[in-house]
Amino acid sequence: MLSRTADHLYWMSRYIERAESLARLVDAHYRMSLLPHSPEDLAESLRATVKALNMEQDYTKRHGHIEPKAVFEFISLDRDHSGSIFSCLRSARENARAVRGSLTSELWETLNSTWLDARAQSTRRSLDIGHFVEWVKERSHLTRGVTIGTMMRDEAFHFTRIGTFLERADSTARILTAHQSDLMPGADAGAVPDPYQWSVLLRALSAFEVYRRVYRDVITPSRVAELLILRDDMPRSLLRCCKEVYGNLKSVANEQSAETLRRAGEMHAMLHFARMEELLSLGLPRFLQQFLAKLNDIGHRIASDFLGSQAEA
Amino acid sequence: MPNTPYNEMFFKEGTGRAHYQRYAEWLGQQPVDRLAQKRAEADALFHRVGITFAVYGQEEGSERLIPFDIVPRVLPREEWIQLETGLKQRVRALNSFIHDIYHDQQILKAGVIPAEQVLCNSQYRPEMQGVDVPGGIYAHIAGIDIVRDDAGEFKVLEDNLRVPSGVSYMLENRKMMMRLFPELFSSHRVAPVDHYPDVLLDNLRSVAPTGVADPTVVLLTAGAHNSAYFEHAFLAQQMGIELVEGQDLFVRDEALFMRTTQGPQRVDVIYRRIDDDFLDPLVFRPDSMLGVPGLLTAYRAGHLTIANAIGTGVADDKSIYPYVPEMIRFYLGQSPIIGNVHTWMLRKPEDRDYVLAHLPELVVKEVHGAGGYGMLIGPAASQAEIENFRRRIIASPERYIAQPTLALSTCPTFADAALAPRHIDLRPFVLSGSDVTIVPGGLTRVALLAGSLVVNSSQGGGTKDTWVLES
């Protein structure tokens with residue numbers, strides 16, 4: 001398959017996944033904003049989120065201080081903000097359009113209608129944010145379903161999946177980063193943590209109901225961390241994402257990708273055999289920082305092994 | 001308008017032609033509301049599927065639909081057989097001509113065509129002199145524009161032998177019609193067209209360089225911003241071949257490769273959809289970012305087939321067009337089955353005098369123009385426009401040809417919420433490889449503005465499904 005094609009597929013699925021992750025974050029905070037709740041907590045959570053998404057500078061430049069409605073709109077529909085959901089949907093569609101021949105027509109039409117609809121919605125004067133992010137999640141679910149249900153299990157599929165899981169790992173790690181102070185050792189011992197904060201975190205990762213089912217008990221920071229980092233059966237956990245990245249990389253291996261595969265395997269093995277106590281004693285912030293750096297490295301290596309203009313060797 | 005145009009559907013007011021009768025009856029029973037609703041449905045579907053063309057110089061929302069008309073253009077079997085035979089004959093002669101002028105130039109030596117008309121033509125590529133191409137085929141894909149005059153005769157208006165486009169609309173229009181009006185396809189025996197991509201791929205594989213058992217074919221596009229990008233992506237997908245851009249390709253040791261995730265892969269046949277000028281920056285335009293440096297080296301070494309071949313433009317130039325009937329006689333020893341539209345060549349003094357005296361009745365075209373630009377339609381032009389063209393003709397007469405204003409045939413068209421006759425033409429696609437093949441039908445283009453004769457999509461033209469009836 002053409003390197004350029006693989007590159008577009010990889011980015012197409014990254015952007016769709018990113019749109020969904022952002023929609024989940026907005027959704028969780030939006031729900032929080034509807035509850036009788038201290039506005040300071042909401043603002044604090046939003047501030048940490050905007051920071052973890054690397055959007056702090058752009059946001060401040062545009063809107064100044066944190067104000068929920070402005071944050072929601074900035075993340076969701078801001079056409080001039082390259083990190084917004086709107087921009088992600090546009091980029092996903094642009095990448096898809098560049099390789100539409102390599103996609104099934106169902107997948108292309110799904111991405112294309114998503115973009116056409118998003119554009120139509122963005123021009124409406126009053127937009128219901130809750131409705132919009134719900135719609136984005138649905139479109140992402142649909143896109144993923146169409147991908148899995150219609151695409152050949154060939155290289156195109158594997159590069160699409162690599163994009164999805166690298167992005168998802170990145171997103172989960174960032175959300176955890178935004179909440180790292182709640183997850184610190186010792187948080188258990190203190191006062192009962194704010195249940196609203198927990199619900200934001202868990203809902204943003206589609207883990208609220210899962211938590212209840214897995215633990216059948218009160219929410220504690222170390223269990224939350226375990227669920228989102230080390231559970232193999234949790235679709236958005238770091239371990240699960242790394243496992244998928246590794247598996248799909250193995251399927252597309254070429255002559256120069258051995259080292260990339262090794263590093264992805266190492267990350268997977270580390271999470272697979274890790275124990276929560278060790279991660280907590282290392283310090284969650286430090287762990288997450290290292291994780292994001294390694295993920296970034298793998299992203300770069302994939303680009304140079306498979307996607308870039310290779311030397312004519 | 002000189003004469004009453006030929007109406008494709010109706011023999012006279014209210015009386016349908018035999019092959020249109022069943023359709024006309026059906027159409028007569030359809031409430032206008034239903035037709036309007038079907039048309040809206042078609043628009044929505046085309047948008048969703050992304051069957052659009054890009055409009056240059058506009059940022060967002062820069063893709064538009066080519067308007068689709070829901071009333072098909074129907075051709076009876078016997079008319080199609082005549083067209084098919086005539087088109088094959090014409091394209092065979094054109095391929096012989098291109099081969100000849102890049103080899104022995106017998107037609108020039110015989111004085112049938114003045115040598116300077118060919119050799120001084122900007123579309124003549126001296127780089128191709130003496131280069132042998134597989135099967136001697138140059139125009140693998142030809143789009144021949146056919147019109148029907150007021151007497152009901154088919155005439156060739158133009159040959160497109162470089163990178164003719166529009167075939168994706170032929171295929172998508174059929175799909176759309178079957179989706180909108182399935183009942184019509186059970187009451188009419190319409191010859192299918194959807195095997196076009198298979199035939200095209202077979203043809204491309206059949207012209208691979210000798211000795212290549214399982215040739216790799218790719219489609220070269222200028223990219224997602226090109227106006228015909230949809231068609232490029234569509235055809236590549238339908239044929240199951242890679243859609244490549246110049247940046248995906250490189251030449252090493254006189255052979256062409258594409259960059260893949262598994263390393264370089266050899267390419268044997270390029271179906272290119274960019275013009276000669278952009279193919280190889282080392283030979284043609286040095287500023288081209290779309291092509292592949294060294295492509296011509298691989299080509300001339302015989303390690304690569306380019307479809308259409310480089311240098312076909314010399315045969316579809318408007319200054320060469322008047323000689324095509326002569327080519328048919330010269331190379332095939334036959335008389336042309338489909339004639340040309342009468343053409344005055346303004347480099348000839350007697351033609352020029354006649355045309356300058358009759359400008360308000362004639363159509364004047366630039367020899368190198370395309371897309372309906374740079375032409376004068378006398379009967380529709382203002383006095384000032386006519387005088388402007390007169391000055392331009394006098395200044396450089398060799399740049400122009402003139403033709404009578406044709407009363408292009410009309411077909412009922414759903415325009416502005418009602419049915420009304422609109423002028424149409426037809427572009428069948430002729431494929432040449434080991435054999436010459438034409439999928440029955442082609443792209444019917446329609447001038448949507450009342451009275452307009454310009455069917456080009458860049459100037460408000462639309463398209464129709466084209467039915468060839470099997471019985």
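Visitor: Which residues does the contact between chain A and chain B take, and how many from each?
Guide: Chain B gives 23 residues and chain A gives 22 residues. Two residues are in contact if their C-beta atoms, placed from the backbone, lie within 7 Å. This is a predicted model, where local features need pLDDT of at least 70, side-chain atom pairs count only at pLDDT 80 or more, and totals for chains, interfaces and linings use all residues. Residues are numbered from 1 along each chain as its sequence is written, while chains are lettered from A and ligands numbered from 1 in the order in which they are written.

Visitor: Which elements give two or more residues to the side of chain B that touches chain A?
Guide: They include helix 2 (32-49), helix 9 (229-239) and strand 11 (255-260) of chain B. Helices (H or I, at least four residues) and strands (E, at least two) are DSSP runs, numbered from the N terminus.

Visitor: What makes up that side of chain B by class?
Guide: The side of chain B that touches chain A has 9 nonpolar, 8 polar and 6 charged residues. Ala, Val, Leu, Ile, Met, Phe, Trp, Tyr, Cys and Pro count as nonpolar, Asp, Glu, Lys and Arg as charged, and the others, Gly among them, as polar.

Visitor: Now chain A. Which domains does the assignment give?
Guide: Domain 1 is 1-151 and domain 2 is 153-313. Such bounds come from an automatic or database domain assignment. The two centres, over C-alpha atoms, are 20 Å apart. In the contact, 29 residues of domain 1 of chain A meet 27 residues of domain 2 of chain A. Helix 1 of chain A gives the most to the domain 1 side, with 17 residues.

Visitor: How do you know whether the radius of gyration of chain A agrees with a compact globule or not?
Guide: Set the value against the rule. The radius of gyration is taken over C-alpha atoms, and the globule rule is 2.2 Å times the number of residues to the power 0.38. For 313 residues that comes near 20 Å, and chain A has 19 Å, so the two agree. The C-alpha trace spans about 60 × 50 × 35 Å along its principal axes.

Visitor: How many helices and strands are there in chain A?
Guide: Chain A has 16 helices and 0 strands.

Visitor: How do you know what span helix 16 of chain A should have?
Guide: The expected span of a helix is 1.5 Å times one less than its number of residues. Helix 16 (residues 284-307) has 24 residues and should span 34 Å; its end C-alpha atoms are 33 Å apart, so the values agree.

Visitor: Why is helix 12 of chain A called largely enclosed?
Guide: Start with the cut-offs. A residue is buried if 20 or more other C-beta atoms lie within 10 Å of its own, exposed if 12 or fewer, and partly exposed in between, with C-beta atoms placed from the backbone. In helix 12 (residues 221-229), 7 of the 9 residues are buried, so the rest of the structure largely encloses it. Among them are A:Pro221, A:Val224 and A:Leu228.

Visitor: Is B:Met176 buried or exposed, and how do you know?
Guide: B:Met176 has 21 other C-beta atoms within 10 Å, so it is buried. The residue sits in helix 6 (residues 167-180) of chain B. Leaving aside neighbours within four places in sequence, B:Met176 is in contact with B:Ala42, B:Leu45 and B:Phe68. B:Met176 and B:Leu45 are 131 residues apart in sequence, but 8.4 Å apart in space, C-alpha to C-alpha.

Visitor: What makes strand 20 of chain B largely enclosed?
Guide: In strand 20 (residues 410-415), 5 of the 6 residues are buried, so the rest of the structure largely encloses it.

Visitor: How do you know that strand 20 and strand 21 of chain B are joined?
Guide: Two strands pair if DSSP finds at least two bridges between them. Here 6 bridges join strand 20 to strand 21 (residues 418-427), and the strands run antiparallel. B:Thr413 stands opposite B:Ala420. The two strands form a hairpin with 2 residues between them, and B:Asp416 in the turn has a positive phi of about 45°.

Visitor: Which way do the residues of strand 22 of chain B point?
Guide: In a regular strand the side chains alternate between the two faces of the sheet. In strand 22 (residues 429-432), B:Phe429 and B:Leu431 point one way, B:Val430 and B:Ser432 the other way, and all are buried. Strand 6 (residues 141-148) of chain B pairs with strand 22 in the antiparallel sense over 3 bridges.
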